[in-house]
Amino acid sequence: MKKLLILALSFLLFACKQGPSPAAYVTEGNKGLSHKLPYREALAAYDTAIALKPDYVIAYAGRGQLEIKMHNYFGALRDLQKALAMDPKLTGLYYFIGYAKEQVGDHVGSQLAYTKEIEQNSQNAMAYIDRAYVRQILDDQKGALEDFNHAILIKPDSLPDVYMARGLLKIRINDKNGGCLDLHRSFKLLPDSITRHYIDINCR
């Protein structure tokens, strides 16, 4: 019994000398993702976890998402792509990669990443929405309309901005009646001045 107690105390002393584990630093870093810790402190926690364990895939994934919040999109891409290369099962990272690529102007790469996200999670309304905006930039209006349609099917009563975007797109492609219906639907879900402005201009 005495020997077991000595061994237990020795282990505790060793653990204290070693300091927090990489997992503990990741847990601390994750607080930045939920706004419970300043971004700089959260970033430092992820940096420490990676310094302690350079192949810690979850730390790269978390740091990549935090860097998006910090608008460091190139850093985010570096970390997110590294995490996905280390563990291809982390398919949820495709959405964040798509978003980061969109922010740095790589619209073709962004569309591809959003498409991979949708292939893995067909109920991710945000992936359809963001791909629709990218497709509009790429002058694929038909594809954009299809994506807006999918997003609205997934969340029919909670996307006023998407109804407005789809309405303006419909008007642009000569479906004024459908576009005005969408603008009025958007205004009903969330009355605001910009939607009213578009209704006044297009739907008299």
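Which side chain meets that of Asp 140 in a salt bridge? The partner is Arg 135, with 3.8 Å from N to O; a salt bridge here is a side-chain nitrogen of Lys or Arg within 4 Å of a carboxyl oxygen of Asp or Glu. The model is predicted, so local features need pLDDT of at least 70 and side-chain atom pairs count only at pLDDT 80 or more, while totals for chains, interfaces and linings use all residues. Residues are numbered from 1 along each chain as its sequence is written, and side-chain values use heavy atoms, with hydrogens and water left out.

The two partners of this opening pair can be set side by side. Arg 135 is buried because its relative accessible area is 14%, whereas Asp 140, at 29%, is partly exposed. For these words, buried means under 20% relative accessible area, exposed over 50%, and partly exposed in between (1.4 Å probe, protein chains only).

In total, the structure holds 14 salt bridges. Another of them joins Arg 185 to Asp 157, where the closest N and O atoms are 2.5 Å apart. This pair links distant parts of the chain, 28 residues apart: Arg 185 belongs to helix α11 (residues 176-189), and Asp 157 to the loop between α9 (141-154) and α10 (160-172). Helices (H or I, at least four residues) are DSSP runs, numbered from the N terminus. Arg 185 has a relative accessible area of 26% and is therefore partly exposed, while Asp 157 counts as exposed at 53%. Elsewhere, Asp 47, Arg 63, Glu 67, Arg 78 and Asp 79 are joined into one network by salt bridges that share partners.

Helix α2 (residues 22-33) offers a local example, with Glu 28 and Lys 31 three residues apart, about one turn of the helix. Their salt bridge brings the closest N and O atoms to 3.1 Å. Both are partly exposed, Glu 28 at 30% relative accessibility and Lys 31 at 33%.

The same helix, α2, also meets helix α4 (residues 57-69): their axes come within 9 Å and cross at roughly 25 degrees. Axes are lines fitted to C-alpha atoms, for helices over the stretch in contact, and angles run from 0 to 180 degrees between N-to-C directions. The crossing angle therefore makes α2 roughly parallel to α4, a label for angles under 35 degrees. In the contact (heavy atoms within 4.5 Å), Val 26, Gly 32 and Leu 33 of α2 meet α4 residues including Ile 58, Ala 59 and Leu 66.

How values were computed
Helices (H or I, at least four residues) and strands (E, at least two) are DSSP runs, numbered from the N terminus. Angles under 35 degrees count as roughly parallel, over 145 as roughly antiparallel, 65 to 115 as roughly perpendicular and the rest as oblique.
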